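The exercises below ask you to read a fold step by step, with a worked solution after each task. Please look at the sequence and the structure before you begin.

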Amino acid sequence: CPFAAALVIRTAKKECAWVLCPDARTQEQVQADLAAWGVKAWFLPRLASADEAAALVDPDTQAERSTLLSRISGGHAGAVVLCADSLDESAPAPGELAASGRDLRNGMPLEVGTLLADLAAAGYESTPVVAERGQFARRGGIVDVFPWLAGEPLRIEFLDERIESLRAFDIHTQTSVRHL
C-alpha cells in the first residue's frame, strides 16, 4: 500500500496528497514507508480517540496539528498521513491560522497591555512562569510566551512602549539562548 501511494503521489505531482489509514499503527508505518520511497510525508496526530473524547487536548498534539495545517495552507508540498477518525475532528478554516498570527520585530512600537490582552483573547493562559505551549507570563517589562506553532518559547523585553529585544529561551533554565 505505501509503495502504491508513493507511486501515485510522485506520478500525480500534486502539491498535497492525503493518505487515509485505518488506525494509528498503520498511520505511523505508512508515513515511514512513504519517506523511504522518497515522498515527504507529514504525520497528522489525532486529537483524541473515541474513548478519550471528553479528555483535554494535549498542547503539544494541538501544536503539531496546527503547525501541519499551517504548512498545508501555506502551500508546502507533501503527503498528509492521517487516521480515518481524524476526519471527524475539528480544524481551523483555511487561512485562519495565518490570519491569527502576529509579526514582532525589535524596535517596533507595542504596548505591553495590548500584547497581554491579545494573548488572552487568543486563548493563551497567563501563568507565573512559562512551562508549555499556549502560556504567557509577565515580569515587569518582560513578557515570555510559548507560541502554539513554535519549537521554543519567546522572551520579549520592552523599553517604554517599544520592543527592545526578542530572544528564544530555554524552558528548563529560563535563560536566553539566542537573539531573534
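Two strands count as paired if DSSP finds at least two bridges between them, and this rule is applied here to a predicted model.

**Exercise 1. Work out how β1 is joined to β3, and then place both strands in their sheet.**

Step 1. β1 and β3 (residues 78-83) are joined by six bridges and run parallel, and within this pairing V19 has V81 of β3 as its bridge partner.

Step 2. The open sheet consists of three strands with parallel pairing, and their order is β1-β3-β2. Because β1 (16-21) and β2 (41-43) stand at the edges and each has a single partner strand, one side of each is left without a neighbour in the sheet.

Step 3. From one strand to the next the twist averages 30°. Helix α2 (residues 24-36) packs on this sheet and touches β1, β2 and β3, while its direction makes about 165° with that of β3.

**Exercise 2. Determine in which sense β5 pairs with β4 and in which sense it pairs with β6.**

Step 1. Strand β4 (residues 125-126) pairs with strand β5 (residues 135-139) over two bridges in the parallel sense, and S126 has F136 of β5 as its bridge partner.

Step 2. Four bridges join β5 to strand β6 (residues 142-145), and these two strands run antiparallel; here the partner of F136 is V145 in β6.

Step 3. β5 and β6 form a hairpin with two residues between them, and G140 in the turn has a positive phi of about 60°.

**Exercise 3. Describe the lining of the largest pocket.**

Step 1. The largest pocket has a volume of about 790 Å³, and 22 residues line it, of which S100, G101, R102, Y124 and W148 lie nearest its centre.

Step 2. The elements that give two or more residues to this lining are α3 (59-73), α4 (96-99), α5 (112-121) and β7 (154-159). Sorted by class, the lining has 14 nonpolar, four polar and four charged residues.

**Exercise 4. Classify the aromatic pair formed by Y124 and W148 as stacked, tilted or edge-to-face.**

Step 1. Searching the whole structure gives two aromatic pairs. In the pair of Y124 and W148 the ring centres are 5.9 Å apart and the planes lie at 50°, so the pair is tilted.

Step 2. This pair links distant parts of the chain, since Y124 is in the loop between α5 and β4 and W148 is in the loop between β6 and β7, 24 residues apart.

Technical notes
Residues numbered from 1 in each chain as written. Predicted model: local features only at pLDDT ≥ 70, side-chain atom pairs only at ≥ 80, totals over all residues. Heavy atoms only, no water. 1 Å grid on protein atoms, 1.4 Å probe; cavity = no way out; pocket = protein on both sides within 12 Å on 5 of 7 lines; lining within 4 Å. Points joined across faces, edges and corners; volume = space filled by probe spheres on them. Nonpolar A, V, L, I, M, F, W, Y, C, P; charged D, E, K, R; others polar. Axes fitted to C-alpha atoms, helices over the stretch in contact; angles between N-to-C directions. Contact = heavy atoms within 4.5 Å. Phe/Tyr/Trp six-rings, centres within 6.5 Å; stacked < 30°, edge-to-face > 60°.
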